[in-house]
Amino acid sequence: MSLRIDLGAIVQNWRQLAAMAPNARPAAVVKADAYGLGAEPVVRALYEAGARDFCVALAREGRALRPVLPQDARINILSGHMPSEDLTGLVPVLNSAEQFFRDRAIRQGQPFAIQLDSGMNRLGMEAGEWAALRDEALAGDPDFIMSHLACADEPDHPANAAQLAAFREMTEGCDVPRSLAATGGILLGPQYHFDMIRPGIGIYGGLPFAEAQPVVTLSLDVIQTRHVQAGEFCGYGGTWVADGPRRIATVSAGYADGVLRALSSSGFSLYAGATACPVVGRVSMDLMTVDVSDLPEVPATLDLICREQPIDRLADYAGTIGYEILTSLGNRYPRHYV
Ligand SMILES: *Cc1c(COP(=O)(O)O)cnc(C)c1O
């Protein structure tokens, strides 16, 4: 059983995205433990490759990474300044007038950034709120001003151009670095790049960055094999019934390890090399059952995430996105960084 994470591929993906926006500083989004892959080894590898700007969601994620990164690395906190958070050595991205005044009262002279809402209506100052404190904010010399796109993975969605126009209007005349694009925005083209890009999922090998190098290989241990006859079932609820003699392998991972229960009966497989072995019956907490009848010999491990079944293919089976597959992986796998 092993979760193999290719740090070389992570670095290559980050460099490739950076090269698409040659005039922008390439940050790296490492929230949620670098999308479940391990923030410490990921930030070390990216720092070595030249990354100096990192984004996490929470102050506590930032505090955990602060001792890992040299002082010239900036750690931006996307949730901003929440009450009673220790933000020493971190850069809160202030999302509202309330956060702005709280932060400026306590952290005069300390670095901060600003997030504007350009239409997603999730996080960031709205136009009126921004207009009222803009002069004071600019006088405080923010590190950057950012916003976030809601529909960047759909290039033809009209919200992209609308958010771009709103962001331009709100930041017109600001002599401060600007940032709008995550992975999807980088792919939309140069007018979305501004001065800093913020790729996340593309670094980790996920869509919408279709040219990404795969990063994750997940191999699972076969614990036991058995033969079942026509009419016998496998697993909880007896939802799968053999229509003839079959050889079944029981594999050591389940929904507690991020093999989402919603994958049950979806048609997903484990792979022995390039051979697909259908998972049959329900995924349980720690186990699943796999039809290995077509294999001449059952190997010690079968692959869940591999070239034949990348994260976005698995996500399709579960009706979700690659992001959720990665961040669900859980912490029971031994991780091997290569
Ligand atoms: C998560 C996030 C990103 C990274 O998005 P990807 O789609 O993973 O590239 C960038 N900016 C903000 C504000 C985010 O929340």
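This is a short chat about a predicted protein model and the ligand it holds.

Q: What is the mean pLDDT of the protein?
A: The mean is 98. Also, 100% of the residues reach 70 or more.

Q: Where is confidence lowest, and where is it highest?
A: The lowest is in strand β1, residues 2–5, with a mean of 96. The highest is in strand β3, residues 28–29, at 99.

Q: How many helices and strands does the protein have?
A: There are 10 helices and 19 strands.

Q: And what box do the C-alpha atoms fill?
A: Roughly 75 × 40 × 35 Å, taken along the principal axes.

Q: What share of the residues is buried?
A: Buried residues make up 52% of the 338.

Q: What about the surface: how much area does the protein expose?
A: About 14,800 Å². Carbon and sulfur atoms supply 50% of that area.

Q: Now contacts. Of those with a separation of 6 or more, what share is between residues 24 or more positions apart?
A: That share is 61%.

Q: On to the ligand. How many residues surround it, and which are the closest?
A: It has 14 residues around it. The closest are Lys-31, Tyr-35, Thr-183, Ile-201 and Tyr-323.

Q: Take Lys-31. What does UniProt place there?
A: The record, an unreviewed entry, gives "modified residue: N6-(pyridoxal phosphate)lysine" at Lys-31.

Q: How far is a polar side-chain atom of Lys-31 from an oxygen atom of the ligand?
A: The distance is 2.7 Å.

Q: Which other distances to the ligand can I look at?
A: Try His-148: an N or O atom in its side chain is 3.4 Å from a nitrogen atom of the ligand. Then try Gly-200, where a polar backbone atom is 2.8 Å from a ligand oxygen.

Q: How much of the ligand does the protein bury?
A: Taken alone, the ligand exposes 390 Å². The protein buries 90% of that.

Q: Back to Lys-31. Which helix is it in?
A: Lys-31 is in helix α2, which covers residues 31–35.

Q: Why does Lys-31 count as partly exposed?
A: Because its relative accessible area is 30%, and partly exposed runs between the 20% and 50% cut-offs.

Q: Which residues does Lys-31 contact, leaving aside neighbours within four places in sequence?
A: Cys-55, Val-56, Ala-57, Glu-61 and Leu-78.

Q: New topic: Ser-118. Where does it lie?
A: In the loop between β7 (113–115) and α6 (127–139).

Q: Is Ser-118 buried or exposed?
A: Ser-118 counts as buried because its relative accessibility is 8%, and the cut-off for buried is under 20%.

Q: What polar contacts does the Ser-118 side chain make?
A: One is with the side chain of Ser-147, at 2.7 Å. Another joins Ser-118 to the side chain of Gln-163, at 3.0 Å.

Q: Leaving aside neighbours within four places, which residues is Ser-118 in contact with?
A: Ser-147, His-148, Gln-163, Ala-166 and Phe-167. You met His-148 at the ligand, with its side chain 3.4 Å from a nitrogen atom there.

Q: One more residue. Where is Trp-14?
A: Trp-14 sits in helix α1, residues 7–20.

Q: Why is Trp-14 called buried?
A: Because its relative accessibility is 4%, and buried means under 20%.

Q: Which residues does Trp-14 touch beyond four places in sequence?
A: Among them are Pro-26, Leu-46, Ala-49, Pro-199 and Ile-203.

Q: How far apart are Trp-14 and Ala-49?
A: In sequence, 35 residues. In space, 9.0 Å from C-alpha to C-alpha.

Key. Residues numbered from 1 in each chain as written. Predicted model: local features only at pLDDT ≥ 70, side-chain atom pairs only at ≥ 80, totals over all residues. Heavy atoms only, no water. UniProt positions renumbered as here; feature names shortened; annotations may be inferred. Helix = DSSP H or I, 4+ residues; strand = E, 2+ residues; numbered from the N terminus. Buried < 20%, exposed > 50% of the residue type's maximum accessible area, 1.4 Å probe, protein only. Contact = heavy atoms within 4.5 Å. Near = heavy atom within 4 Å. Polar contact = N/O pair within 3.5 Å; in protein donor to acceptor, adjacent residues only side chain to side chain. Areas by Shrake-Rupley, 256 points an atom, 1.4 Å probe, with all protein chains shown as cover. pLDDT = per-residue confidence, 0-100.
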